[in-house]
Amino acid sequence: MVAVSLKPLLAAAAGQRPDRRPVWFMRQAGRSLPEYRALRADRGMLESCFDPAMVCEITLQPVRRHDTDGAILFSDIVVPLKAAGIDLDIVAGTGPVIATPVRTVADVEAVNRLDPDAVGAIGRAVSLLRAELDPTPTALIGFAGAPFTLASYLIEGGPSRHYAHTKAMMYGNPELWHALMARLVDITVTFLRVQLEAGAQAIQLFDSWAGMLSRRDYETFVAPHSTRVFAEVADFDVPRIHFGVGTGELLVPMAQVGADVVGVDWRVPLDEAARRIGPDKALQGNLDPTVLFAGDDVIAEHVARVIADADRAVAAGARGHIFNLGHGVLPDTDPDAITRTVELVHSA
């Protein structure tokens with residue numbers, strides 16, 4: 001295999017050999033950065049997400065500071081729901097809160113399609129970012145929440161520990177469940193296509209809470225809908241990444257819904273993930289975010305371990321490796337620890 005001129009992240013996702021191991025971090029743009037906190041001091045989260053200039057600046061902050069190979073679009077998974085008319089807010093310290101949870105036939109029928117113009121600001125932000133990033137090695141990653149995770153917020157009314165209302169609809173009224181998921185697929189596809197048409201160079205579908213499900217339930221109630229999301233953006237020749245938390249038992253079906261790259265959290269070593277998934281998928285991950293609090297020597301040890309796991313995975317048939325955390329950057333993380341981690345990955 002010979003070196004190629006693709007940006008490192010895109011090369012690794014395509015099964016080609018990049019000139020350096022690509023690295024980026026989920027939630028790299030956000031509260032761990034003092035420049036982010038200063039910029040957001042008097043601006044609400046949703047307000048910020050619909051301001052193209054602010055989205056551009058926040059997305060670029062970690063790239064400038066850390067030299068990451070991926071720039072993840074600054075947004076939130078509930079942005080397309082807000083744009084589709086759902087009454088919600090993002091509450092500091094809590095997360096998304098839905099004014100009226102979606103639990104009845106009437107509630108589901110009231111979930112509207114997303115007008116692409118309603119997220120035009122996100123498309124404009126992507127265009128601004130491409131102009132900034134095109135001369136650099138950094139690729140722009142668009143994203144959306146997967147239908148299951150969006151449904152869980154809508155049905156529960158916000159974050160949940162047990163997802164009791166969500167599972168009650170799944171088990172007790174599967175027809176209504178699939179009707180809601182179909183509407184959320186439409187919203188998700190529209191949101192992703194706006195980003196792709198504006199120039200996103202990769203996309204990640206976050207199914208953050210899918211790890212709450214058994215494999216059987218995932219395959220029955222979730223996989224068909226995630227498959228349709230990936231299928232309906234397949235006409236764009238970009239890497240498609242899929243990620244969830246606590247999804248070790250779901251890696252096989254999650255890898256089968258149409259992604260090119262499978263994100264793996266810290267609970268499963270990358271070489272074991274490759275064994276479960278099989279060949280021809282690239283892997284992303286999977287440093288435990290808490291390692292970044294443990295000091296330079298420990299960070300170096302764990303980075304080396306993840307890279308060794310990844311190299312074994314590639315030797316066994318995985319298409320490539322994109323270094324990342326096993327979940328997002330924690331808010332109190334020292335930014336210098338993130339920068340040092342990038343340097344370690346690039347020098348490996």
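This is a dialogue about reading helix packing, cores and salt bridges in a predicted model.

Reader: How do the axes of helix H9 and helix H10 cross?

Author: The axes of H9, residues 164-172, and H10, residues 174-198, come within 5 Å and cross at roughly 115 degrees. Angles of 65 to 115 degrees count as roughly perpendicular, and therefore H9 is roughly perpendicular to H10.

Reader: Which residues in H9 and H10 meet?

Author: On the H9 side they are Thr-166, Met-169, Met-170, Tyr-171 and Gly-172, and on the H10 side Pro-174, Leu-176, Trp-177 and Leu-180. Sorted by character, the residues of this contact are seven nonpolar, two polar and no charged.

Reader: Which residues have the most contacts inside the largest nonpolar core?

Author: They are Leu-81, Trp-177, Leu-180 and Tyr-218, in a core of 94 residues. H10 supplies the largest share of this core, with 12 residues. If you look at Tyr-218 and leave aside its neighbours within four places in sequence, you will find it in contact with ten partners listed here by name: Asp-207, Ala-210, Leu-213, Ala-223, Ser-226, His-242, Leu-250, Pro-253, Met-254 and Val-257. Another core, of 29 residues, lies apart from the largest one and has Phe-25, Leu-251, Ala-310 and Leu-325 among its residues.

Reader: Does the word "buried" rest on a number, and is Gln-201 buried or exposed?

Author: The word applies under 20% relative accessible area, and Gln-201 counts as buried because its relative accessibility is 12%. Gln-201 is placed in the loop between H10 and strand E5, and its contacts beyond four places in sequence include Lys-7, Arg-130, Asp-134 and Val-238.

Reader: Why can side chains pair in a salt bridge?

Author: Side chains of opposite charge can pair when their charged atoms come close. In the whole structure a search finds 22 salt bridges, and one of them joins the side chains of Asp-311 and Arg-21 at 2.8 Å, N to O. Because Asp-311 lies in helix H15 and Arg-21 in the loop between helix H1 and helix H2, this pair ties together parts that are 290 residues apart in sequence. Asp-311 is partly exposed at 39%, whereas Arg-21 is buried at 19% relative accessible area.

Reader: Which residues are linked in a network of salt bridges?

Author: Arg-113, Asp-186, Arg-228 and Glu-232 are linked in this way. Within the network, Arg-228 and Glu-232 form a salt bridge whose closest N and O atoms are 2.8 Å apart. Arg-228 is partly exposed, at 27% relative accessible area, and Glu-232 is partly exposed, at 32%.

Notes: Residues are numbered from 1 along each chain as its sequence is written. This is a predicted model: local features need pLDDT of at least 70, side-chain atom pairs count only at pLDDT 80 or more; totals for chains, interfaces and linings use all residues. Side-chain values use heavy atoms; hydrogens and water are left out. Axes are lines fitted to C-alpha atoms, for helices over the stretch in contact, and angles run from 0 to 180 degrees between N-to-C directions. Helices (H or I, at least four residues) and strands (E, at least two) are DSSP runs, numbered from the N terminus. Angles under 35 degrees count as roughly parallel, over 145 as roughly antiparallel, 65 to 115 as roughly perpendicular and the rest as oblique. Contact means heavy atoms within 4.5 Å. Ala, Val, Leu, Ile, Met, Phe, Trp, Tyr, Cys and Pro count as nonpolar, Asp, Glu, Lys and Arg as charged, and the others, Gly among them, as polar. Buried means under 20% relative accessible area, exposed over 50%, partly exposed in between (1.4 Å probe, protein chains only). A nonpolar core is a set of buried Ala, Val, Leu, Ile, Met, Phe, Trp, Tyr and Cys residues joined through side-chain atoms within 4.5 Å. A salt bridge is a side-chain nitrogen of Lys or Arg within 4 Å of a carboxyl oxygen of Asp or Glu.
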